[in-house]
Structures are given as structure tokens and as C-alpha cells.
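Student: Could we go through this model together, one question at a time, with the cut-offs stated as we go?

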Amino acid sequence: MGIDRRNFFRSLGLTGVALGAGKKLGATPEQSDEKEFYGILYDSTRCVGCQSCELACALANGLPEPDPEDYPMPGTIRKTNENRRTVINAIETPQGEIYVKNQCMHCNQPACVAACLTKAMLKTEEGPVIWRDRKCMGCRFCMVSCPFDVPKFEYHSPNPDIVKCNMCFDRVKEGELPACVADCPAEALTFGTRRELITEARRRIHEDPDSYYDGIYGEHEAGGTGYLYISPVPFEELGLNTKLQKKSYPELTKGFLFSVPSIFILWPAMLLGIHNATKNNAKTTDDDE
Amino acid sequence: MTMSNTNYNLPADNDGKSIGKFLVAQLKPRGKIFTLFNMISVPIMTLGIVLIVIRFVKGIGAITNLTQEVPWGLWIGFDVVTGVAFAGGAYVVTFLVYILNMEKYKPIVRVTVLNGFLAYVFYAGALLLDLGKPWNVVNPIIGNSFGVSSVLFLVAWHFLLYMIAQLIEFSPAIAEWLGAKRIRKILSGMTLAAVIFGITLSTLHQSGLGALYLMAKEKIHPLWYSEFIPLLFFLSSIFAGLSMVIFEGSISQRVFFDQISQKNHKAHDGILHGLSKICTLTLLVYFFMQVVVFIHGKHWDLINTRMGYWYLTEMIGFVVLPMILYFYSYRKRNITLIKVSALVTMIGVIINRLNVTVIGFKWDAATHYVPSWMEIMVTLTVLCIEIWVFRWIVRRMPVLRDSPSWVKEH
């Protein structure tokens, strides 16, 4: 049944496209070959949990300075919120205490961007996913859709913003490093094109297989993300969601959206046809049974 | 809200003469002022408006319990998603009357369209309360910010277009009220087109409301999440809408007794009887689809959990039971039981929509979202204002009563 419907939608979709009613339904700007998405590789084996990235992020983005009393502790999970776009958490493992950084994943095909009806969320050609104040109407559909629960909302403001990491897009455009990468003293963060970062991550795992869990989180998750993780332990131990689908999230609504133009063409014709076919019944149907 | 013995001075044909005076006279209240409904609704609305002011001064968080993990609560899950399902009666009844040419349902078509129209106006209005930056609501409509890959973009446009279509469907009643003969003729000529357009829009946005939740794949309890949500939402909007028509109709028959002609009053039981048959059939199809979805989902292991019992409650108590009730009351022609079936169906639709949007959303989170009393109060305020406007229109325009004598049908 599931296959049937999917095929049905697919053929409807093809009809729609063939009929030339095709709107541009792509969730992201087409991945052009000339330009590659930038991303950031986070290496948990190098991270010392110093929170320099948190401070750098706050300073670069005009956020309140982090509370020095609030530091990573195993057992407590600190979350990003409207006042901080990135946090470091500590995890107790058999290999000792390790750290994990959380922030926007900058998906290749972001759910938030597909969800946004005003194009306030935008996947830039450079890779960072940014949010634009003037366009946003504050519907929070991006928050509902994001599989990583990244976008945060200023619930206590009369003019609330959506808050999330934008990979310091303004700095990236100028050829500078994102603030967190620039200020990381342990070189746990590496900035580069996604392709370079995956190669680099593979090299590190290959050269020191004993220190690393064999895998790169973000290579395939949610259709691939701009932020990539390597770690000494399996990723679920870091608190990362490993149950996410490998397909991108906008794929989930594509079938529905593709069926729209076809319904718009087929339905009115069908309804008009039924109307004309039943016209003469009107006088006789006192009782429709 | 008891009936009043007001005489209705229908303008025979104003054609623009002293229309101002006429409108001023129409604005005056009619009927008793101290009715039970008024006594309850006025304090609610007063409090609700105070809360809405607080919301705009201090932010949405000041009166709601929404969190960073649960950004959509009662105002979306109930006001919009459930309310629009209940407003589905308008497209189903116009389909019966104008597309299938079932004259039998003609007496309820105007009141149903009016109800549908007001539902959309007020639920879209309630949506503005939920928007962080409501002044940017025009962005997806005008300007250069078309997020065409968004399901919400589709839903927003459809709300707008469908409201226009419903206004056109209802407009002959306004023309009759104003005594504008020529305009009425033009407007009623547009009805069929508006109906066809409206049904197409409804098919897409009733399912579209379900499609909104497709990307929240891991956030919704697996018993309620499937790629079939749009289809299930569309199917259930048929019996949700018709049950609302039955429910609203049986109240209007009492409250607006003085408006309804003897003939239509007598016909009403027959209408409910016919609707109960359609409800039985659509509930059956819906239940079949739910079973197929369940079997394909392979979630047998989840049945023996708390959420599993809740799922069974919904499916048996609020899908199978109302289906049997409708069927039984249809066979026995028991009108009271039809109304009971409608009520059970409506509760079931509310439960279903809340299960997808609120109860099953982040069901596994440490802290659950429960709406604040203030969110509930604002919801009630929106409902009360809608009923006030509905009552104002019904008392003045030929909605339930017959059109003035100068209108020649066909």
C-alpha cells in the first residue's frame, strides 16, 4: 500500500512537472560544482572542555557573556538557548572525561530552510545556514522541523528572534575563520570545505585507529551536515542522535509538495465533470439513498 | 440565548439609498442581553483581551508554556489544526449541494459556509497571536520572500484563497441583506467556480496541515507518525466537518428557532440522517487506513505501553465506537443518537489532532508541555468572539431563514 501511494504521488508529481506547472521545489540552492560548502570538523579527542569557543561565540555575536560558574560537568546536560549558540558538555567514559560541542549542524539540505515560508532561513552558497530578521514572521516551523532541535526562540521578547549558530557567516564571507575555530587553543576545531574535512577526519582515524571510533558523525546523518564529529567513543555516548535518517529531511515532504500542481489541475476538471453529470439528478433526488 | 420576537424589517430593495442609516440600524444589538451565553462569554473575552495585550507587550512566553523543544502548543494544535478540520464541513456540504447536486442539503449550505468562513478568519486570527513577528505575516504573500518549498507556504496561501472563495460562496446572502438585486445576481453566478476552487484548496490544505508534521519524524510518537498523515488528516476532515455541521445544526435549530422556516425545520432530521450515512462510510474508510498504516508501521511492540493504550483508546473508543453509533443510529433513524455520535466523533478528532501535535510530540522528553490556563483562556476568547459574530450575522442576514421573496431561485 505504501509503495502504491508513493508511486502514485511520484507519477502525479511527474505529471505536474510535465504540465509545466513546476515551481522550483528544491529545498536548497543547487549544489553547484564550482562552489563547495564550508564546514567545521570537531575532534572530541582534542577538545579539553575549556569553553573558549563559548566565550568567543558570545563576544562575536553580541550575546551575554557566559557565566563562569556554569561549566561542563559529567551528568548534567547543558543546552543551547536564546543566549548561547554553542555549549560544551562533559561525558564520563571508561577512557576518562571527554567533551562534546553542540551547535547548529549546518545541514547540506536543512529541514529548517525547507520549512521556512519566508526564506528567512537560508542555506548560503558558502555553506552556513543563516537566519534573517527582516523576513522571519516567528512561526517557529523551523524549530518543529529541525531534527537536531537547534533553532531557539526568544519567548520573552515582544520582537523575538530565532537564535542559532550561523557559522559566523559575516566572517566567513570576509575570508576569516569562525570565532570558535579561531579561538580554540586545542585545535579541536578545523574549518574547511566539507570534502577536505572528511578527508582529514579519515586520515586522523586511519593514522590512529586506537584513539578513534571508526566513523564520522555528520557525513551521512540527515543527508550530510556541515559540522562533522570524530570521537574516541561511539557517537550515542556523546549524546548525539544516531537514530536520524540518512536521507535529508526535506525529502519527507517532497512527495506531498510534488502532488500539489497535479491536484490543482485534475481536481477542478473532475469536479466540473461530476457537476455536469449529476445536473439532471437535481430534480429527481428527493432522497439520495 | 433564547429566541427573540423581533420583527425583521428587510429592506425591499435599497439600491444604495440610505444604506448608511440601514447599516447603523443593523449594528444595534438584537435579542436579549442577559442570556446565559453572554454572562459567561463576556468575562472570558474581557480576560482574554487583557492576556492578549500582555502577550504583545512581554512576549509569547509571558502567557504560554511553550518551550524550545515544543514550539507549537495549544494555539496551533487545537485552534488551527483541529479548528480547520472542523471547518471542513463547508467543503463537504458544498460538494454535496453544488457538485453532486443533492438539493436535500441546500437548507444547511449557507450556515455551513458561514461557519467555515468564520472558522478560517478566526483561526487565522489566532495564528497571528502565535507569530513572533506578526507584522511580517505579509512576507509570504507579497514581496520577494516566497519559500515555495515550505508546506506552511502552501497552507498560508490556501487559507487566504479559501477565505476569499468562501466569502464569494456566502456573498449572495450579504447582497440579499443589503437588498442589492443586481449585485446578488452577479455574485451567485460565481458560486460554482468558487465551490470548485474551494474544494480543491481544501483537499490540499486539510492534508497540508498534516504534512506540516512530516519533517518532525523522530519527534512524534511512532504510533501517530507515518508518511500517511496528510491522507489521514484529509479523510478525517470529512467526518470532523460533518459532525460539526450536525452539532452546530442541532444547536441552531433551538437557538435560532425563529429564523428557520417550518419546511426547513422539518427537513432537518432528514438532513442529519443523510449525513450520518456519509459519516459512517468515511469513518470506515478512515479506520481501514489507520489499520493499514499500523500494520505497515510494524509497531506491535509499542501497543503494550502507556502510549499504546492511549492509541487503542483513540482507535476503538473514538473511531470504531462512533462509526458503530453512526451506523446504528442511521439504521434506526434515531436522530438523538446521531447527535451523540457526532459529539463522540468530534471528541475523537480533537484527541487525534492533539495526539499528533501536542501529546505525541516529544512524548519522550523529560518535561512535557501542558498548556497554561492563559493559553486556554485565549483559545476560549477566540471561540466566543467567533460565536458572537456568527450570531450577529445569523440574526441579520438570510442564513438560516429563507431568502427574501425577490430572489428567484434558478
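**Helix, interface and core**

Tutor: H5(B) is mostly covered, since 18 of its 25 residues are buried, where buried requires 20 or more other C-beta atoms, placed from the backbone, within 10 Å of a residue's own, while 12 or fewer make it exposed and anything in between partly exposed. Helices (H or I, at least four residues) and strands (E, at least two) are DSSP runs numbered from the N terminus. This is a predicted model, in which local features need pLDDT of at least 70 and side-chain atom pairs count only at pLDDT 80 or more, whereas totals for chains, interfaces and linings use all residues. Residues are numbered from 1 along each chain as its sequence is written, and chains are lettered from A and ligands numbered from 1 in the order in which they are written.

Student: How far apart are the end C-alpha atoms of helix H5 of chain B, and why does that agree with its 25 residues?

Tutor: The expected span is 1.5 Å times one less than the number of residues. For H5(B), residues 106–130, this gives 36 Å, so the helix agrees with an end-to-end C-alpha distance of 37 Å.

Student: How many residues of chain A are in contact with chain B, and which element gives the largest share of that side?

Tutor: Contact here means that C-beta atoms, placed from the backbone, lie within 7 Å. On that basis 53 residues of chain B are in contact with chain A, whose own side counts 60 residues. The largest share of the chain A side, 14 residues, comes from H8(A).

Student: By class, how many residues on the side of chain A that touches chain B are nonpolar?

Tutor: Ala, Val, Leu, Ile, Met, Phe, Trp, Tyr, Cys and Pro count as nonpolar, Asp, Glu, Lys and Arg as charged, and the others, Gly among them, as polar. That side has eleven charged and 15 polar residues, and its nonpolar residues number 34.

Student: Which helix gives the largest share of the largest nonpolar core?

Tutor: A nonpolar core is a set of buried Ala, Val, Leu, Ile, Met, Phe, Trp, Tyr and Cys residues joined through C-beta atoms within 7 Å. The largest has 186 residues, and A:Cys116 and B:Leu152 are among those that touch the most other members. Its largest share, 14 residues, comes from helix H6 (residues 151–178) of chain B.

Student: Which residue in E3(A) stands opposite A:Thr93?

Tutor: Strands E2 (residues 87–93) and E3 of chain A run antiparallel and are joined by seven bridges, where pairing needs at least two DSSP bridges. A hairpin joins them through two residues, and opposite A:Thr93 stands A:Gly96.

Notes. Two residues are in contact if their C-beta atoms, placed from the backbone, lie within 7 Å.
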